[in-house]
Structure formats: C-alpha cells, structure tokens
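User: Hi! I am new to protein structures and would like to learn how to read one step by step. Could you guide me through this example?

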Amino acid sequence: MSKLTVEHLACVRGDRLLFKNISFTLDAGELLYVLGDNGAGKSSLLRILCGILIPEQGRVHWGGQDVSKDNEQYRLDSLFISHLNGLKDDLSVSENLRFATYLAGEDNQEVNVNRALDAVKLQAYAHERVGSLSQGQRRRASLARLWISRARLWLLDEPFAALDTASIAILAERLRQHLQAGGMAILTTHQQVDIQAAVVHQLKIA
Amino acid sequence: MAAILIEIVRRDLLLAVRRSADVATVLIFFVVVASLFPLAGNPDPVVLRNLAPGVLWVSALLACLLSLPRIFAGDYADGSLEQMAIAPQPLSLLVLGKIFAHWLVSALPLVLLAPLLGLQYGLQGEPLLVLVAALLLGTPTLSLIGAIGAALTLGGRGGGALLPVLVLPLYIPVLIFGAGAVVASQAGLEVRAYFLLLGACFLLSLVVAPWATAVALRIALE
C-alpha cells in the first residue's frame, strides 16, 4: 500500500517564508489536521501536496515516487478540493459533477452521480445551474465528488466552511468511512470536527 | 484519451451556448470593424476591392484577439483549471480540447460570415473562395498561438493590455500569407504556395502551442 511521505518542505510566497522543515508520513487509515492562522500557509501546503505548487525545498513522495513529476498514479490516487469549488456557474449541478469525475478518471455514470447528490442532499437541485445555488449548496455540490471518488488520499481545503451542522455531520461520517476503508485524508480547518479515525495527526503551521 | 478530448470540447460548447451573448459580441465586433473602413476612406469599388483582403483579415484577427481572454479566465477564477492541472490526463491534451472549442465558438463563425463581408467589398468568384479557404486554414493557428498568450497573461495585472502586444506580432505570418493568398488570387496568380505556408504555420503551432500553453498555465497556477 502506498503511503505519503513528506520531507523537509519549505514554501515561499512572494518574499515571505511561509513555513520550512515540515515532515510527516501518512499511512492507510490516518487523518491529518493542518492547523494554523490565516495566511500561515495551510492552503499552500495542500497545493504543494497535490502537485500544483512546487515547494522551495523538500520532497513529497507517494509510494516512493515524487509527486511533482508527471506522476499519473498519484493523480489517480489523490483528490484535491480547494477553497475554490471548481464548479461552472452556467452548468447544472449534475453536469458539473459528471465532468469533474470524468476529468479525475473516475466512474461518472448517471447512477453514481445521482447517488452522490443524494448523499449531500442536493438531489432536488441536480438540474439547477450552480450559479443559482447558495454558498453552502455549492460547497456540497463540490464535496459530492467524495461519494464517487476512488482516490485513496483526500486533500480537502476548509471542507467544513459554509456548511450547516447537518452537512458537517454527513461529511464527517463520509470521512470516517473513507478512513476506515484504509483511505487517508488531510484537512485544513478552523473548526474542530470530531472524526473517528484510527490515527489522528495534527500539524500546526506557525 | 480521445474520450476526454470530446468531453472537454462538449463542455466548452455547452458553456458557450449558455453564454451565447459572448459569442455574438465577437461576431458583431468583426462586422463593425470591417464596416468602418469604407466609411473612413474612399468608397470607390476598385479601392474597396483592393482593400478587402487586408481589412477582412485584420478584422478577423482583432475579433479573435477579443475572444482570447475567455479561453482560460473563467476556469482560472472558479478553480476548474487547477482541477485540470491535477487530472491524470496530460494538461496539454485538455488544453488542445479547449483551443479547439475556442476555434469552433469564436473563429468558425467569423469564417462563415466572411463571404458576406467579402461581397460587401466587391469580392467575387475565386478571390472570395480563396478568402474563406485561407481563413479556414489560418484561424486555427490564431486560436493556437492566442492560447499561449492567454495563458501567459492569466491572473497577471494589466493582462488585458499585455495580451494584444504579446500575440499580435506572432499573428503577422498568418496575416501575410492569408491576405497574400487573396491578393494573389485577385491578380490571377497561383495561390498554392500561400496555402502551403498557412498549413505549415498551422502544423507548427499545433505541435508547439498546446505544450507551451500547458507550461504557462502551470506557472499561472503557482
């Protein structure tokens, strides 16, 4: 089983050093909370981990392979949902979801899309344009991918932001299932949400 | 691989249909610019006929330029682009799909409208056909080269003004060969060489542009 190994990561944005010397490993079933103040570099860390941002120093390995090179296996194994939802306002919720899953190389059959929308309680909005949804509904539409994805590593940037308590509970339950099935998750969050996992790490970026 | 290409073209076409005003704007711009020249200069039919190849090509070029920022700006702003960048498929392939969709939406309508404007300028017969054929072969190159510029100016301040400065000089060969073909045809000369050169421009940009655009997009996303 592949695991995520992070060694001596440093990140510079503009002229500012956001963080340095961040190292950790994440194994099957493990959850990592990334904590820190606004602007501490939580999102930048996630963007490095998913391979969008090249770190100033350090390495990220998945199953012994560097993730910054054209690592197709890592792309298939990982899923990143940023604070941007990645949804098109002019497409419907189900059209958005179908394309997003298609892009990620996942099964985008109608049944799966419907099941995912059901899980996040957006079934009634399946054919509404995303532009007409509220912030929380958009977030849920974006997070619906978690019910389709086969990715083992989830990188979620502020997944609980804009969600109501019921939705937070639904998401926490989905995370629990994912971790129990041997998945891994890294979340940045300001809210302390109780998620059952075998091993919970915390990483504080100062 | 072909499947994702079809899927992304379909998505962009669907988006264009839902935002048809943007497409119409480009077309109207093309017609307006092309119609300004007879108003500003000598409306003598002979003069107009001589002016036609250059005016129509420059108008098409400017209209194409107007539509360029839209290729990536929307996807960049809403996070779709970063999802494409971390997709298992090569980014250059996705970019190629987006460029093709841009051509279908923004350039093909110009090609289809060109004969009408050509008639306005008194072009008939072979020169008119040559104009359309040259635009058909030349505009894909405009989309391909334009995508590099659009990617390079993405997210930067003043990108709107920088884009034309960056892209227009690169459009010069297409302009020369494209308008040249029509001029040659008007003079009753052989046009084959012009089309071969336009084809060469197309093939060269087809090889280089998707890759260069993908590199520029990755830099913009950092």
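Analyst: Happy to help; we will go from whole chains to single residues. This is a predicted model, where local features need pLDDT of at least 70 and side-chain atom pairs count only at pLDDT 80 or more, while totals for chains, interfaces and linings use all residues. Residues are numbered from 1 along each chain as its sequence is written, chains are lettered from A and ligands numbered from 1 in the order in which they are written, and side-chain values use heavy atoms, leaving out hydrogens and water.

User: How many helices and strands are there in chain B?

Analyst: Helices (H or I, at least four residues) and strands (E, at least two) are DSSP runs, numbered from the N terminus. Chain B has 9 helices and 0 strands. Chain A, by contrast, has 6 helices and 9 strands.

User: What is the radius of gyration of chain A, and what is that of chain B?

Analyst: The radius of gyration is taken over C-alpha atoms, and the globule rule to set beside it is 2.2 Å times the number of residues to the power 0.38. For chain A the value is 17 Å, close to the 17 Å that the rule gives for 206 residues, so chain A is as compact as a globular protein of that length. For chain B the value is 18 Å, close to the 17 Å given for 222 residues, so chain B too is as compact as a globular protein of its length. Along the principal axes, the C-alpha atoms fill a box of roughly 45 × 35 × 30 Å in chain A and roughly 55 × 35 × 30 Å in chain B.

User: What share of the residues is buried in chain A and in chain B?

Analyst: Buried means under 20% relative accessible area, exposed over 50%, and partly exposed in between (1.4 Å probe, protein chains only). Buried residues make up 58% of the 206 residues in chain A and 50% of the 222 residues in chain B.

User: Which atoms supply the surface of chain B?

Analyst: Accessible areas come from the Shrake-Rupley method with a 1.4 Å probe; for residues, only the protein chains shown count as cover. Chain B exposes about 9800 Å², and carbon and sulfur atoms supply 74% of it. In chain A the surface is about 9200 Å², with 46% belonging to carbon and sulfur atoms.

User: How many residues of helix H5 in chain A are buried?

Analyst: Helix H5 (residues 135-143) of chain A is mostly covered, with 8 of its 9 residues buried. Among them are A:Arg138, A:Arg139 and A:Arg140. The buried residues pack against strand E6 (78-81), helix H3 (93-103), strand E7 (153-157) and helix H6 (165-180) of chain A.

User: How is a pair of aromatic rings described?

Analyst: One gives the distance of the centres and the angle of the planes. Rings of Phe, Tyr and Trp (its six-membered ring) pair if their centres lie within 6.5 Å; planes under 30 degrees apart count as stacked, over 60 as edge-to-face and the rest as tilted. Over all chains, 2 aromatic pairs are found. One of the pairs is B:Phe100 with B:Trp103, stacked at 6.3 Å centre to centre and 20° between the planes. These two residues are 3 apart in helix H6 (residues 91-120) of chain B, which means that about one helical turn separates them. B:Phe100 is partly exposed at 43% relative accessibility, whereas B:Trp103 is buried at 14%.

User: Which residues is B:Pro115 in contact with, leaving aside neighbours within four places in sequence?

Analyst: Contact means heavy atoms within 4.5 Å. B:Pro115 lies in helix H6 of chain B and, beyond those neighbours, is in contact with B:Leu128 and B:Val132. B:Pro115 is partly exposed, with a relative accessible area of 24%.
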